[in-house]
Amino acid sequence: MKNESGATYTIPIPDTVVCIEFSPFEWSCQLLAVGTSSGISVYSCRFSEEDAEITNGIEYKLLREFSSKSYCLAIAWSPQSSLNCVPKNLTFAAASDDRTLKIFSTDMNLKNSQTILKGHKGFVNAITFDPNEGSQLASTGDDLTCRIWSLNSNQPQQETIFHLTSPGVSVCWHADEPFKLMVAQNDGTIKFFSLHNHQLIFSLSCGQGPLLSADWSRHNNLLVGAVSGSEWMVFNISLSSLPIERRQAHNEGAINFQWSRCHELLLATCGRPGHQLKVFNIRHQQLHVNASLKTSYGLSWHLHLPLVAVGGDKAVHIWTIESI
């Protein structure tokens, strides 16, 4: 099922894909949210790597479409989502180009809701739910803030604002560090804030910019990765505020970075020239994937399988990482 991009699997989408997100949570890891200019579609995906009865490699089903009058910039899944419970719960948040956050929720039957959160004065670049309960949502963007939203009541409200010194480009919560929040700034600084006293704990420095994406390894809470300039870099926060490793990624600028969710040694980046996807192993120099696409938006790893997805022109392209 490979196509001209070299992807192992392709899911056709009616519109140009602008962002994608596999659910990073156990009870909903088969869910893939696909954002386009007209809304968000949620698919259920199964692969032959997890079920030998899937003879064509992949089976996918469109579960629900959520229309939107605004452009989707980022998507985050709630840990409360599950299709295995009764009633079912499918909940995710989306950042829109109207500077709002929208929380969509459905029981896949009659109960559907959309909650709009307002407060940001600029575009929101990244969002994430707290990974353990899903009772809070963090967002960061061009207005030099990171905001924490409390979702416990019927009227969600802005609870905390962290002021930044440069636009926020990534925000991460870690299941093992529920009272710390990582926020990456465009100027090359990665900050960690305490949710106990709302103070800055420490910072990391890429030593260059622009920093466009960063991620906190789910396998090791001491490891943080980022792309800045043309390089990717890895930090060990117990050793230094500077990178312990850095490599050339994309000659004309790296855009996206994400650690693999199922393998602690793998990371993926997207960047220029063109629309490149690369998958690196931090233990050796071999590239597991080196692909060029006509367009590429978004980057997401499957929770349990060595699969990485990128949005393209009316398609989601998915690569299987072999020989790890």
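**Loops, burial and enclosed space**

Modeller: Methionine 108 lies in the loop between β8 and β9. The model is predicted: local features need pLDDT of at least 70, side-chain atom pairs count only at pLDDT 80 or more, and totals for chains, interfaces and linings use all residues. Residues are numbered from 1 along each chain as its sequence is written, and side-chain values use heavy atoms, with hydrogens and water left out.

Biologist: What is noteworthy about phi of methionine 108?

Modeller: Phi of methionine 108 is near 65°, a positive value in a residue other than glycine. Most residues other than glycine have a negative phi. Leucine 144 likewise has a positive phi of about 65° without being a glycine; leucine 144 sits in the loop between β11 (136–141) and β12 (145–150). The strands named here are DSSP runs of E with at least two residues, numbered from the N terminus, while helices are runs of H or I with at least four.

Biologist: Why does methionine 108 count as partly exposed?

Modeller: Buried means under 20% relative accessible area and exposed over 50%, with partly exposed in between (1.4 Å probe, protein chains only). Methionine 108 has 22% relative accessibility, so it counts as partly exposed. Leucine 144, at 34%, therefore counts as partly exposed too.

Biologist: How do you know whether asparagine 109 is buried or exposed?

Modeller: Asparagine 109 is in the loop between β8 and β9. Its relative accessible area is 54%, so asparagine 109 is exposed. Asparagine 109 and histidine 304 are 195 residues apart in sequence and 28 Å apart in space, C-alpha to C-alpha.

Biologist: Why is threonine 106, in strand β8, called buried?

Modeller: The relative accessible area of threonine 106 is 2%, so the residue is buried. Threonine 106 touches Arg64, Phe66, Lys88, Asn89, Leu90, Lys111 and Asn112, leaving aside residues up to four places away in sequence; contact here means heavy atoms within 4.5 Å.

Biologist: What polar partners does the side chain of threonine 106 reach?

Modeller: A polar contact is a pair of N or O atoms within 3.5 Å; within protein, one must be able to donate a hydrogen and the other to accept it, and residues adjacent in sequence count only if both atoms are side-chain atoms. The side chain of threonine 106 reaches the backbone nitrogen of methionine 108 at 2.9 Å and the backbone oxygen of lysine 111 at 3.4 Å. Elsewhere, threonine 8, in the segment before β1 (9–12), has a side-chain polar atom 2.9 Å from the backbone nitrogen of threonine 320. Threonine 8 has a relative accessible area of 15% and is therefore buried.

Biologist: How do you know how many disulfides the structure holds?

Modeller: A disulfide is a pair of cysteine sulfur atoms within 2.5 Å, and the structure holds zero. The sulfur of cysteine 29 is 11 Å from the closest cysteine sulfur, in cysteine 45, and so is too far for a bond. For cysteine 270, the closest cysteine sulfur, in cysteine 19, is 13 Å away, again too far. Cysteine 29 is buried because its relative accessibility is 11%, and cysteine 270 is buried because its relative accessible area is 3%.

Biologist: What makes an empty space a cavity or a pocket?

Modeller: On a 1 Å grid over the protein atoms alone, a cavity is a set of points where a 1.4 Å probe fits but cannot get out; a pocket is an open set with protein on both sides within 12 Å along at least five of seven lines, and lining residues have an atom within 4 Å of a point. A search of the whole structure finds one cavity of 30 Å³ or more. Ile40, Ser68, Ser70, Tyr71, Cys72, Ala94, Ser96, Lys102 and Phe104 line the largest cavity.

Biologist: What is known of the second largest pocket?

Modeller: The second largest pocket is lined by 22 residues, with Gln80, Thr91, Ile103, Ser105 and Ser113 nearest its centre. The elements giving two or more residues to this lining are β8 (101–106) and β9 (112–117).

Biologist: Which peptide bonds are cis?

Modeller: Glycine 209 and proline 210 are joined by a cis peptide bond, with omega about -5°; proline 210 is in the loop between β17 (200–205) and β18 (211–216). The bond from arginine 272 to proline 273 is also cis, with omega near 15°, and proline 273 lies in the loop between β23 (266–271) and β24 (275–281).

Technical notes: Grid points are joined across faces, edges and corners, and a volume is the space filled by probe spheres set on the points.
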